[in-house]
Amino acid sequence: MKKLAGSLVVLSAVALASWSSARHAAPPIQPPRPVPKPPLSPAVAAGATAASAAAKAEPASTDDIPFVSPHAAAVTTPSAPTAWGGERKGTEPTLSDRVVRYEIAATVNPTQHTVTGQEKLTWRNRSDRTVRSIYLHLYLNAFQGPGSTFYTERRNLGLSFRQDIAQKKGQWGHIELTRVMQGGVAVPVSFVHPDEGPSTDQTVVRLDLPTPVVPGGTTTVDIDFLDQLPRVVARAGWFGSFHMVAQWFPKIGVLELAGERGATAPRWNVHEFHLHSEFYADWGEYDVRITVPRGFQVAAAGQEASPPVLTGEQVTYHFAQGDIHDFSFMTVDNYEPPLQAVYRGPGSPEVTVKVFYPAEYRTSAERALPATLEAIRYFSEKLGPYPYRTSTCIVPPYNATEAGGMEYQTLFTSIGLPTVEPDTLYATAVDLVTVHEFGHGYFYGLLASNEFEEPFLDEGLNDFFDLRLLSQSGRTMPISTPRLKLLGINPHVDPWEYERVATTRDSHPADPLGQNAWDRLSSQSYGQVYARTATMMHDLEAQLGTPAIERAFKLYYQRWHFRHPSAADLREALAEGTGARERVEQVFREQVLGTSAVDDRIESLVSEEELPLPGSIYQDGKWTELTEEAVKEQIKAKRAEWKRTHPGSDDDKRAPSPFPYRTTVTVRRDGVAVPQTLLVRFADGSTETAAWNTDERWRRFVFVKPVRAESAELDPGHRIFLDSNKLNDGRNRESDGRASRRYASDAAAVIEALSALVWSIL
């Protein structure tokens, strides 16, 4: 979750915003390019006892294993059945096909805001190639200064990230490799730029191994490193004694094989840290020891493997977890004891749920705990049982908002608000952020999609399920603050209506949903990954039915959990699970790979009596002319007879007429075709419906009935929320301002609530 922007988080908890085309074929693979690099650190640059620095031009890799394209985006070719070790059946010795093992000893200095680490990285070469170089992410270097890809994109492309906090003196962050060894031999190290970012970026590093890794073989690399944590920015960092330690250790990239996410041969997937990108990593196991001063709490991914060990004024905590692909932790000395509960559900182990929080946000923590339990239940039922024994939620303290609303495996951060009164905007915010961040544990976690290249597979699908949870439980979203509620102002909005508003802010999107996280027109375009994906899936569910969609998503999870699915793999699961391949493929062409707008409208509604008209007719063997005067007399006589036989009909507008009414409804299509229904309501309360499922840009529908039409409406079931303008979906025969007044009232309520929220938080 990237778009928590100050006070807007409250209404943006699920939509996450109130964020060059996706490639229709796999983009070309680019080889690593040599670039002159600065030294890694003084210790490494010394060379004799550590890895050699890259002060000179980077030598070309001898592997001939290229990088994935710097513009890789949505994959269109389904992965092979054997990808990532094949579908996990539950009978294997481990939940995932583990590729890497991390053993890390980390010591936190909360005064200097540093983490000193010793890492033993053991990696398995799954390919049929001998690997002579491996690549590591050094994510913290995104925050070392203006030369990183992260800050360059913010500065040069006009992009924004959450609150866009500016780092001041002493608040920057970085990671240094102080020693890199393989089997006791120093490993040469150099920075590389897989995405052709600025030469000053240092978020990806290459290790040229003294001993190559043969096909199917393993190697162990010993790495000493030093983190200088930044003041909380973009998920990680410190504020006071609070330290959110995330993306903090040297982390190996993913060597993808042929048949995996569109690859046709082995390739390294190891992108630079972009402003809007998140993460992608191999499955593995973590054994982590964290040493902190006595009196500091530690919340971390996984389970405590052994009791804390006190040594003088230092305490060492030991955590271990298999079958995850990330590890993070938090340490602080002024939090309350965590709130705790236990989840028990079919297919899951007993899950210990904890919420760590500061005293000022106790009411937020008290909502986050049941929200987490509800999320575990819902995602377990709708996708598959939660497989881990822990789920830990952290509520960041005041002034550390940038650490809030972020997901890691078995651990996530929510938000803290000053007061969390039930049935208010604040309560909604805490609930939805908590559910959303836990939900990432499925789409980013257990399904482990590539958040760099296909962010909609995580953010968008997660958003969809968050809103389904809310909607299926029969809840609406209160958008009033406590003060407004005291004044009797407490409007509620339908969750999908709110999401639709966030979607149609960009009714003609600049980028496909399947575009990667960085090749985008704007941050607003990136925001569509959330709302537009969820709305697209809402519409697909409305068209195909809830049982079909739930069947398809269970198939997707069954087939791809503990692996790494692509957009094409999702498409195939939806097509097979729903049995509606043609419709699913159309949606993917138009929305995931395309930028198609949706906007159908009622162009006109005309309903008039069909009266006799003057003219000549051939009757009884001769031509007879019916004059205008004769027509008038005929009409007059028939109306009089009708009135005599239908007393009171003149005063009842619902009553039939002596002459039939011809109603003509003209519809227009300003975007791509979607399955539409036209509903026409008549004066006597009767209705007529007609399907409009063709690619026509316009169409006329004609109805002849004894009564006049009163209104015509497209999408009467409110199933098409991608439609950019719902106000023109309907038309009354006579002007009716109720719709515009209703939407204006709703908008005013939202604006008023947001304004109150801004001032109460600032």
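Trainee: How do you know that the end-to-end distance of helix α5 agrees with its 22 residues?

Mentor: This is a predicted model, and we can test the helix by simple arithmetic. Helix α5 covers residues 425-446, and at 1.5 Å a residue it should span 32 Å. Its end C-alpha atoms lie 31 Å apart, so the two values agree.

Trainee: Where does α5 bend, and by how much?

Mentor: The bend is at Gly439, and it comes to about 30 degrees. That angle compares the axis fitted to the seven residues ending at Gly439 with the axis of the seven starting there.

Trainee: What makes you call α5 mostly covered?

Mentor: The count of buried residues does: 22 of its 22 residues are buried. Buried here means a relative accessible area under 20%.

Trainee: And what backbone angle turns up at Ala448?

Mentor: Ala448 sits just after α5 and takes a positive phi of about 50 degrees.

Trainee: Let's turn to charges. Why is the contact between Arg101 and Glu103 called a salt bridge?

Mentor: The closest N and O atoms of Arg101 and Glu103 are 3.3 Å apart. The cut-off is 4 Å, so the pair qualifies.

Trainee: Why is Arg101 called neither buried nor exposed?

Mentor: Its relative accessible area is 25%. Buried needs a value under 20% and exposed one over 50%, so Arg101 counts as partly exposed. Glu103, at 30%, is partly exposed because its value falls between those limits too.

Trainee: How do you know that Glu256 and Arg261 form a salt bridge, and are they buried or exposed?

Mentor: Their side chains come to 2.9 Å, N to O, which is within the 4 Å limit. Both Glu256 and Arg261 are buried.

Trainee: What about Arg571 and Glu572: what N to O distance makes them a salt bridge?

Mentor: The distance is 3.1 Å, again within 4 Å. Arg571 is buried, and Glu572 is buried as well.

Trainee: Which residues do salt bridges with shared partners join into one network?

Mentor: The network is made of Arg98, Arg101, Glu103, Glu285 and Asp323. By the same distance rule, the model has 47 salt bridges.

Trainee: Stepping back, what share of the protein chain is buried?

Mentor: Buried residues account for 59% of the 762 residues. The chain holds 15 helices and 34 strands. Its accessible surface is about 29,000 Å², and 53% of that belongs to carbon and sulfur atoms.

Conventions
Residues are numbered from 1 along each chain as its sequence is written. This is a predicted model: local features need pLDDT of at least 70, side-chain atom pairs count only at pLDDT 80 or more; totals for chains, interfaces and linings use all residues. Side-chain values use heavy atoms; hydrogens and water are left out. Buried means under 20% relative accessible area, exposed over 50%, partly exposed in between (1.4 Å probe, protein chains only). Helices (H or I, at least four residues) and strands (E, at least two) are DSSP runs, numbered from the N terminus. Accessible areas come from the Shrake-Rupley method with a 1.4 Å probe; for residues, only the protein chains shown count as cover. The expected span of a helix is 1.5 Å times one less than its number of residues.
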